[in-house]
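User: I am new to this structure and would like a close look at a single part of it. Please pick a group of side chains that touch one another, and then show where it sits in the whole.

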Amino acid sequence: MIPFRSFRSATVLTLAVLAAAPVSAHAADTWVERSDRNAQVLLDVMARQSPEGAGQLGVPGLDEEILDLKPGFVERGREEIRKARETLKQRLASETDPKVKQDLEILIQTTDDQLEGSALNEKYNLPYFDIPAGVFQGLRTLLDDQVEASRRPAALVRLRKYTGMEPGYTPVTVLAEQFIRSRMDKPGLMGPFKDEVERDLQNDATYLAGLEELFKKYNISGYEEPYAKLKEQAAAYEQFVRKEILPRTRTDFRQPAEVYAYNLRTLGVDMPVEELVSRAEVSFKEIQNEMQALAPLVAKQHGLSMTDYRDVLRELKKNQVTGEAILPLYQQRIKDMEEIIRREHIVSLPDRPMKVRLASEAESAAVPAPNMRPPRLIGNKG
């Protein structure tokens, strides 16, 4: 399949995977288990195309595998999805249980969406990969407190494969550059968004430093040589991006209508774009009016003289929580919310404090907002 804009988001078939859980071939033939086996068809495709993402979800046996960027990976990916779709269609034709049929229809629609997205990417977009971010995320999925200690050494094998030090492997930076160059002469392709590429370039050193911290934290010996290789390769790839990609970036973030409609539909929005735009404009105006009505009250509460909501927001943003004050603030807010939840009997809570910590600089670069790191979806035993 055509890759997404960024290496870090190159997993596929996510919607299908969310319903999936591997089952034993000897399990009782309930409708849930049959649906699970159907979902496994797409899990297997994901495992081959993006083992880092599949492994993070809980698919076993993939800890040493890496994303396929070898020549022909686009065509291989599409062919695998087509074969999976045919298998699912055959099962749908003979299925009688309405619940299983519904799940099969969802899975088939997912394959159709993936193939359409691949074609649209090829039609409109110049490929671009944020390799340092992708490598960091691929190794971060193994070097984590939630991962069993016995699995973490596989990160070294994965690193050696990323850098081409394992037999049969080429550095991912080289593969990415080769693939991008193979598309650069095609007229009419849109480059990536300029601000995003510039931010990626600024974060490269942060990702590399974060990787070394992780290998040291989990005492993974032998990482030094491939890590040094990675730094060299990342530097060369950065120069390629600066020289060849950055001049072709765009400042207009708008997407072609066909791509925009596709993205909305795959996120669950089936409303015609024109109607959606019309409703959004009305809703935006309503929110503006509400914020303008509240702005004088908020300004008075904070001793501010301005009353326009834009000015009030701009002034409030100057008061930032930084450094050592961040974690205690979150801990206190969590405690306050938990007290309300228990008092109002909203949901039950574990008899332990919520785990919260400050992200590393590399983690913050990868996900620049407070976020949750959930345990594996498949085979989660708490």
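What follows describes the surroundings of Arg 140, Arg 357 and Glu 363, and then the rest of the protein. Which residues does Arg 140 contact, leaving aside its neighbours within four places in sequence?

Analyst: This is a predicted model, in which local features need pLDDT of at least 70 and side-chain atom pairs count only at pLDDT 80 or more, while totals for chains, interfaces and linings use all residues. Residues are numbered from 1 along each chain as its sequence is written, and side-chain values use heavy atoms, with hydrogens and water left out.

Arg 140 belongs to helix H6; helices here are DSSP runs of H or I with at least four residues, strands are runs of E with at least two, and both are numbered from the N terminus. Arg 140 counts as buried because its relative accessible area is 4%. The cut-offs, for a 1.4 Å probe and protein chains only, are under 20% for buried and over 50% for exposed, with partly exposed in between. Beyond four places in sequence, Arg 140 is in contact (heavy atoms within 4.5 Å) with Leu 214, Arg 357, Glu 363 and Arg 373.

The side chain of Arg 140 also takes part in several polar contacts. A polar contact is a pair of N or O atoms within 3.5 Å; within protein, one must be able to donate a hydrogen and the other to accept it, and residues adjacent in sequence count only if both atoms are side-chain atoms. The Arg 140 side chain has such a contact with the side chain of Glu 363, at 2.3 Å, and one with the side chain of Asp 144, at 2.9 Å. A polar atom of the Arg 140 side chain also lies 2.6 Å from the backbone oxygen of Leu 143.

Glu 363 sits in helix H15. With a relative accessibility of 12%, Glu 363 is buried. Apart from residues up to four places away in sequence, Glu 363 touches Phe 136, Arg 140 and Arg 357. Its side chain is joined to that of Arg 357 by a polar contact of 2.9 Å.

Arg 357 lies in the loop between helix H14 (326–343) and H15. It is partly exposed, because its relative accessible area is 46%. Leaving out neighbours within four places, its contacts are Arg 140, Leu 327, Glu 363 and Arg 373. The C-alpha atom of Arg 357 is 10.0 Å from that of Pro 370, which is 13 residues away along the chain.

The loop between H14 and H15 also holds His 345. His 345 is exposed, with a relative accessible area of 70%, and its phi is near 55 degrees, a positive value in a residue other than glycine. Asn 219, in the loop between H9 and H10, likewise has a phi near 55 degrees. Asn 219 is exposed at 66% relative accessible area. Most residues other than glycine have a negative phi.

Two of the helices named above also supply the largest nonpolar core: H6 (131–140) and H15 (361–366) are among those that each give at least two residues to it. A nonpolar core is a set of buried Ala, Val, Leu, Ile, Met, Phe, Trp, Tyr and Cys residues joined through side-chain atoms within 4.5 Å. The largest has 47 residues, and those with the most contacts inside it include Phe 129, Val 135, Leu 139 and Leu 211. Another core, of 12 residues, lies apart from it and includes Ala 39, Val 41, Ile 81 and Leu 107. Leu 211 is in contact with Val 135, Phe 136, Leu 139, Tyr 227 and Leu 230, not counting neighbours within four places in sequence. Phe 136 is thus touched by Leu 211 and by Glu 363.

As for the whole, the protein has 15 helices and 0 strands. Of its 382 residues, 38% count as buried. Its C-alpha atoms fill a box of roughly 65 × 55 × 50 Å along the principal axes. Among contacts between residues at least 6 apart in sequence, 72% join residues at least 24 apart.
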